[in-house]
Amino acid sequence: MPTFLPLPSTPVRFANELPQLLARIEDHDADRDKALAYADHVLSVPRDNRDFLRVVYGVDGSAECHSDTDDVYGAFAVCLDKRTKEGEFCGEAQGFFVKRAPSIQWLELMAITEAVHQTVLRLRLSTSHRRGELYIFSDCTNVLSFLKREPNSTLREKLILMPVYDYLVALSQELHQRDIGLIIAWIPGHNHHITCHARSDKKSRNLRRQCQKRLHELRDQAATAPKPIAHFAPSKHNSIYGQSCMQETQQLSRTSRMPIHI
(Lines give C-alpha, C1' and ligand atoms only; values in the text may rest on other atoms or scores of the structure.)
Protein backbone atom coordinates (compact mmCIF):
# COMPACT_ATOMS: atom_id res chain seq x y z
CA MET A 1 0.00 0.00 0.00
CA PRO A 2 1.34 3.46 -0.84
CA THR A 3 2.16 5.87 1.92
CA PHE A 4 0.37 9.19 1.87
CA LEU A 5 1.01 12.57 3.36
CA PRO A 6 -0.19 13.02 6.94
CA LEU A 7 -3.85 13.87 7.09
CA PRO A 8 -4.61 17.50 7.96
CA SER A 9 -6.07 18.35 11.32
CA THR A 10 -9.20 19.82 9.72
CA PRO A 11 -12.33 18.61 11.55
CA VAL A 12 -14.56 16.24 9.61
CA ARG A 13 -17.63 17.82 8.06
CA PHE A 14 -20.55 16.21 6.29
CA ALA A 15 -21.50 17.17 2.74
CA ASN A 16 -24.25 19.53 3.86
CA GLU A 17 -21.83 21.24 6.26
CA LEU A 18 -19.32 22.18 3.58
CA PRO A 19 -19.37 25.81 2.48
CA GLN A 20 -21.23 26.41 -0.75
CA LEU A 21 -19.05 26.57 -3.83
CA LEU A 22 -20.32 29.39 -6.02
CA ALA A 23 -20.08 27.38 -9.23
CA ARG A 24 -22.18 25.41 -11.66
CA ILE A 25 -21.14 21.79 -12.05
CA GLU A 26 -21.86 20.22 -15.43
CA ASP A 27 -21.20 16.49 -15.15
CA HIS A 28 -23.43 15.56 -18.14
CA ASP A 29 -24.15 12.24 -16.38
CA ALA A 30 -20.78 11.06 -17.75
CA ASP A 31 -22.24 11.10 -21.27
CA ARG A 32 -19.30 11.44 -23.65
CA ASP A 33 -21.22 12.83 -26.62
CA LYS A 34 -23.10 15.34 -24.51
CA ALA A 35 -19.91 16.51 -22.81
CA LEU A 36 -18.03 17.02 -26.08
CA ALA A 37 -20.97 18.84 -27.65
CA TYR A 38 -21.07 21.17 -24.66
CA ALA A 39 -17.32 21.83 -24.91
CA ASP A 40 -17.63 22.56 -28.63
CA HIS A 41 -20.40 25.05 -27.90
CA VAL A 42 -18.33 26.82 -25.23
CA LEU A 43 -15.28 27.07 -27.51
CA SER A 44 -17.36 28.37 -30.43
CA VAL A 45 -18.70 31.37 -28.49
CA PRO A 46 -16.70 34.64 -28.94
CA ARG A 47 -14.04 34.67 -26.27
CA ASP A 48 -13.19 38.26 -25.44
CA ASN A 49 -15.04 41.50 -26.14
CA ARG A 50 -15.71 44.81 -24.46
CA ASP A 51 -18.87 43.71 -22.69
CA PHE A 52 -18.26 40.10 -21.71
CA LEU A 53 -15.19 38.01 -20.84
CA ARG A 54 -14.96 34.25 -21.33
CA VAL A 55 -12.00 32.26 -20.02
CA VAL A 56 -11.57 28.54 -20.75
CA TYR A 57 -9.15 26.16 -19.03
CA GLY A 58 -8.42 22.47 -19.43
CA VAL A 59 -6.96 20.77 -16.35
CA ASP A 60 -5.72 17.30 -15.53
CA GLY A 61 -3.67 15.30 -13.04
CA SER A 62 -1.44 12.25 -13.23
CA ALA A 63 -0.16 9.93 -10.49
CA GLU A 64 1.84 6.73 -10.16
CA CYS A 65 2.98 4.80 -7.09
CA HIS A 66 6.65 3.82 -6.95
CA SER A 67 6.91 0.27 -5.66
CA ASP A 68 10.36 0.61 -4.05
CA THR A 69 9.81 3.74 -1.98
CA ASP A 70 5.98 3.78 -1.80
CA ASP A 71 6.08 7.40 -2.94
CA VAL A 72 3.09 8.49 -5.01
CA TYR A 73 4.64 10.66 -7.70
CA GLY A 74 2.11 13.08 -9.12
CA ALA A 75 1.73 16.11 -11.31
CA PHE A 76 -1.11 18.38 -12.35
CA ALA A 77 -1.34 20.82 -15.21
CA VAL A 78 -3.55 23.66 -16.39
CA CYS A 79 -3.86 24.98 -19.93
CA LEU A 80 -5.51 28.26 -20.86
CA ASP A 81 -7.35 28.05 -24.17
CA LYS A 82 -5.84 30.92 -26.15
CA ARG A 83 -6.49 31.56 -29.83
CA THR A 84 -4.87 33.64 -32.51
CA LYS A 85 -6.88 36.03 -34.66
CA GLU A 86 -7.15 33.22 -37.21
CA GLY A 87 -8.63 30.93 -34.56
CA GLU A 88 -5.61 28.67 -34.14
CA PHE A 89 -4.77 27.33 -30.69
CA CYS A 90 -1.75 29.02 -29.08
CA GLY A 91 -2.13 28.17 -25.39
CA GLU A 92 0.63 26.61 -23.30
CA ALA A 93 0.17 24.18 -20.43
CA GLN A 94 1.74 24.81 -17.02
CA GLY A 95 2.71 21.81 -14.93
CA PHE A 96 3.39 21.28 -11.22
CA PHE A 97 5.17 18.22 -9.81
CA VAL A 98 4.42 16.68 -6.40
CA LYS A 99 6.76 14.01 -5.04
CA ARG A 100 4.25 12.62 -2.54
CA ALA A 101 0.74 13.24 -3.74
CA PRO A 102 -2.07 12.29 -1.34
CA SER A 103 -4.35 11.01 -4.13
CA ILE A 104 -5.27 11.54 -7.77
CA GLN A 105 -8.42 13.36 -6.62
CA TRP A 106 -6.24 15.81 -4.71
CA LEU A 107 -4.18 16.45 -7.86
CA GLU A 108 -7.31 17.05 -9.94
CA LEU A 109 -8.76 19.43 -7.36
CA MET A 110 -5.44 21.27 -7.15
CA ALA A 111 -5.52 21.71 -10.93
CA ILE A 112 -9.03 23.17 -10.81
CA THR A 113 -8.05 25.49 -7.96
CA GLU A 114 -4.91 26.61 -9.80
CA ALA A 115 -6.96 27.57 -12.87
CA VAL A 116 -9.32 29.63 -10.72
CA HIS A 117 -6.38 31.15 -8.86
CA GLN A 118 -4.69 32.29 -12.08
CA THR A 119 -7.92 33.84 -13.30
CA VAL A 120 -8.42 35.74 -10.05
CA LEU A 121 -4.86 37.09 -10.22
CA ARG A 122 -5.43 38.34 -13.75
CA LEU A 123 -8.65 40.03 -12.69
CA ARG A 124 -6.89 41.74 -9.79
CA LEU A 125 -4.33 43.18 -12.18
CA SER A 126 -6.94 44.31 -14.70
CA THR A 127 -8.05 47.92 -14.69
CA SER A 128 -11.35 47.26 -16.47
CA HIS A 129 -14.44 45.66 -14.97
CA ARG A 130 -16.43 43.26 -17.14
CA ARG A 131 -18.92 40.54 -16.49
CA GLY A 132 -17.84 37.13 -17.66
CA GLU A 133 -17.57 33.37 -17.22
CA LEU A 134 -14.76 30.99 -16.35
CA TYR A 135 -15.04 27.46 -17.79
CA ILE A 136 -12.88 24.64 -16.46
CA PHE A 137 -12.89 21.19 -18.09
CA SER A 138 -11.87 18.23 -15.90
CA ASP A 139 -12.17 14.49 -16.47
CA CYS A 140 -12.40 13.45 -12.79
CA THR A 141 -15.98 12.47 -11.92
CA ASN A 142 -15.08 11.87 -8.26
CA VAL A 143 -13.95 15.45 -7.79
CA LEU A 144 -17.04 16.81 -9.52
CA SER A 145 -19.21 14.71 -7.21
CA PHE A 146 -17.30 16.10 -4.25
CA LEU A 147 -17.78 19.66 -5.51
CA LYS A 148 -21.51 19.01 -5.79
CA ARG A 149 -21.37 18.10 -2.08
CA GLU A 150 -22.74 14.65 -2.69
CA PRO A 151 -22.47 12.38 0.38
CA ASN A 152 -20.70 9.53 -1.46
CA SER A 153 -17.16 10.69 -0.74
CA THR A 154 -15.08 8.61 1.64
CA LEU A 155 -13.80 10.00 4.92
CA ARG A 156 -10.24 10.02 3.65
CA GLU A 157 -11.21 11.98 0.54
CA LYS A 158 -12.94 14.57 2.69
CA LEU A 159 -9.95 14.99 4.99
CA ILE A 160 -7.56 15.35 2.06
CA LEU A 161 -9.71 17.54 -0.16
CA MET A 162 -11.34 19.89 2.34
CA PRO A 163 -8.38 22.30 2.83
CA VAL A 164 -8.10 22.76 -0.95
CA TYR A 165 -11.89 22.97 -1.25
CA ASP A 166 -12.09 25.76 1.32
CA TYR A 167 -9.58 27.82 -0.67
CA LEU A 168 -11.48 27.13 -3.88
CA VAL A 169 -14.65 28.37 -2.21
CA ALA A 170 -12.91 31.61 -1.22
CA LEU A 171 -11.74 32.11 -4.81
CA SER A 172 -15.23 31.42 -6.16
CA GLN A 173 -16.64 34.06 -3.83
CA GLU A 174 -14.19 36.61 -5.19
CA LEU A 175 -15.19 35.68 -8.74
CA HIS A 176 -18.83 36.15 -7.77
CA GLN A 177 -18.07 39.60 -6.38
CA ARG A 178 -16.48 40.47 -9.71
CA ASP A 179 -19.52 39.22 -11.67
CA ILE A 180 -17.60 36.26 -13.07
CA GLY A 181 -19.48 32.97 -13.19
CA LEU A 182 -17.61 29.73 -12.53
CA ILE A 183 -18.56 26.62 -14.52
CA ILE A 184 -16.73 23.33 -13.93
CA ALA A 185 -17.60 20.74 -16.57
CA TRP A 186 -16.77 17.09 -17.03
CA ILE A 187 -14.98 15.99 -20.19
CA PRO A 188 -13.79 12.54 -21.31
CA GLY A 189 -10.21 11.80 -20.39
CA HIS A 190 -8.82 10.76 -23.77
CA ASN A 191 -9.44 10.57 -27.51
CA HIS A 192 -11.13 13.89 -28.08
CA HIS A 193 -10.39 17.15 -29.90
CA ILE A 194 -10.61 19.62 -27.00
CA THR A 195 -7.07 20.93 -27.26
CA CYS A 196 -6.74 22.72 -23.91
CA HIS A 197 -7.62 19.56 -21.97
CA ALA A 198 -5.49 17.32 -24.19
CA ARG A 199 -2.50 19.61 -23.64
CA SER A 200 -2.94 19.60 -19.86
CA ASP A 201 -3.27 15.79 -19.89
CA LYS A 202 -0.05 15.43 -21.89
CA LYS A 203 1.80 17.99 -19.77
CA SER A 204 0.91 16.33 -16.46
CA ARG A 205 1.95 12.86 -17.67
CA ASN A 206 5.20 14.01 -19.24
CA LEU A 207 6.16 16.14 -16.26
CA ARG A 208 5.52 13.30 -13.83
CA ARG A 209 7.60 10.89 -15.91
CA GLN A 210 10.48 13.34 -16.34
CA CYS A 211 10.67 14.22 -12.65
CA GLN A 212 10.21 10.59 -11.64
CA LYS A 213 13.07 9.54 -13.93
CA ARG A 214 15.31 12.27 -12.57
CA LEU A 215 14.57 11.30 -8.96
CA HIS A 216 15.43 7.68 -9.74
CA GLU A 217 18.72 8.77 -11.35
CA LEU A 218 19.63 10.83 -8.29
CA ARG A 219 18.75 7.94 -6.01
CA ASP A 220 20.90 5.51 -8.04
CA GLN A 221 23.81 7.96 -8.05
CA ALA A 222 23.59 8.31 -4.28
CA ALA A 223 23.54 4.51 -3.89
CA THR A 224 26.63 3.93 -6.08
CA ALA A 225 28.67 6.91 -4.94
CA PRO A 226 31.68 6.08 -2.71
CA LYS A 227 31.06 6.78 0.91
CA PRO A 228 33.22 9.53 2.42
CA ILE A 229 36.07 8.39 4.68
CA ALA A 230 35.59 9.60 8.23
CA HIS A 231 38.37 11.81 9.58
CA PHE A 232 40.47 9.89 12.10
CA ALA A 233 40.88 11.83 15.31
CA PRO A 234 43.19 10.06 17.78
CA SER A 235 41.85 9.73 21.26
CA LYS A 236 42.92 7.96 24.41
CA HIS A 237 40.29 5.31 23.81
CA ASN A 238 40.75 4.17 20.20
CA SER A 239 44.38 2.99 19.80
CA ILE A 240 47.88 2.77 21.25
CA TYR A 241 48.84 5.62 18.93
CA GLY A 242 46.05 7.67 20.41
CA GLN A 243 47.21 6.92 23.93
CA SER A 244 50.80 7.98 23.14
CA CYS A 245 49.55 11.20 21.57
CA MET A 246 47.50 11.97 24.64
CA GLN A 247 50.46 11.34 26.93
CA GLU A 248 52.70 13.60 24.82
CA THR A 249 50.06 16.33 24.80
CA GLN A 250 49.70 16.16 28.58
CA GLN A 251 53.48 16.34 29.01
CA LEU A 252 53.68 19.43 26.78
CA SER A 253 50.89 21.11 28.69
CA ARG A 254 52.70 20.52 32.01
CA THR A 255 55.99 21.83 30.70
CA SER A 256 54.36 24.92 29.21
CA ARG A 257 53.14 25.92 32.67
CA MET A 258 56.62 25.69 34.22
CA PRO A 259 58.28 29.05 35.06
CA ILE A 260 61.06 30.14 32.77
CA HIS A 261 64.21 31.57 34.43
CA ILE A 262 66.49 33.83 32.46
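Me: What makes Asp179 partly exposed in this predicted model?
Reply: Its relative accessible area is 40%. Buried would need a value under 20% and exposed one over 50%, so Asp179 falls in between and counts as partly exposed. Asp179 sits in the loop between α4 and β6 (180–186), and it has a positive phi of about 65 degrees although it is not a glycine.

Me: Why is Ala30 called partly exposed?
Reply: The same reasoning works here: 47% relative accessible area is not under 20% and not over 50%, so Ala30 is partly exposed. Ala30 belongs to the loop between β1 (24–26) and α1 (32–44). Its phi is positive too, about 55 degrees, although Ala30 is not a glycine.

Me: Now the rings. Why is the pair of Phe76 and Phe96 called stacked?
Reply: Two values decide that. The centres are 5.0 Å apart, which is within the 6.5 Å limit, so the rings pair. The planes make 20 degrees, and under 30 degrees counts as stacked, so that is the name for Phe76 and Phe96.

Me: What does the pair of Phe76 and Phe96 tie together?
Reply: Phe76 lies in strand β3 (residues 72–80) and Phe96 in strand β4 (residues 93–98), so the contact joins parts that are 20 residues apart in sequence. β3 and β4 also pair in the antiparallel sense over 6 bridges; in one of them, Ala77 has Gly95 of β4 as its bridge partner.

Me: How do you know which of Phe76 and Phe96 is buried?
Reply: Phe76 has 5% relative accessibility, which is under 20%, so it is buried. Phe96 has 28%, between the two limits, so it is partly exposed.

Me: And what makes the pair of Phe146 and Tyr165 edge-to-face?
Reply: With 5.4 Å centre to centre, the rings are within 6.5 Å; with 80 degrees between the planes, they are over 60, so edge-to-face is the right term. Phe146 is in helix α3 (residues 141–147) and Tyr165 in helix α4 (residues 155–177), 19 residues apart. Both residues are buried.

Me: How do you know that β1 and β4 are edge strands?
Reply: The open sheet has 6 strands in the order β1-β6-β5-β2-β3-β4, with mixed pairing. β1 and β4 each have a single partner strand, so one side of each is left without a neighbour in the sheet. From one strand to the next, the twist averages 20 degrees.

Terms used:
Residues are numbered from 1 along each chain as its sequence is written. This is a predicted model: local features need pLDDT of at least 70, side-chain atom pairs count only at pLDDT 80 or more; totals for chains, interfaces and linings use all residues. Side-chain values use heavy atoms; hydrogens and water are left out. Rings of Phe, Tyr and Trp (its six-membered ring) pair if their centres lie within 6.5 Å; planes under 30 degrees apart count as stacked, over 60 as edge-to-face and the rest as tilted. Helices (H or I, at least four residues) and strands (E, at least two) are DSSP runs, numbered from the N terminus. Buried means under 20% relative accessible area, exposed over 50%, partly exposed in between (1.4 Å probe, protein chains only). Two strands pair if DSSP finds at least two bridges between them. Axes are lines fitted to C-alpha atoms, for helices over the stretch in contact, and angles run from 0 to 180 degrees between N-to-C directions.
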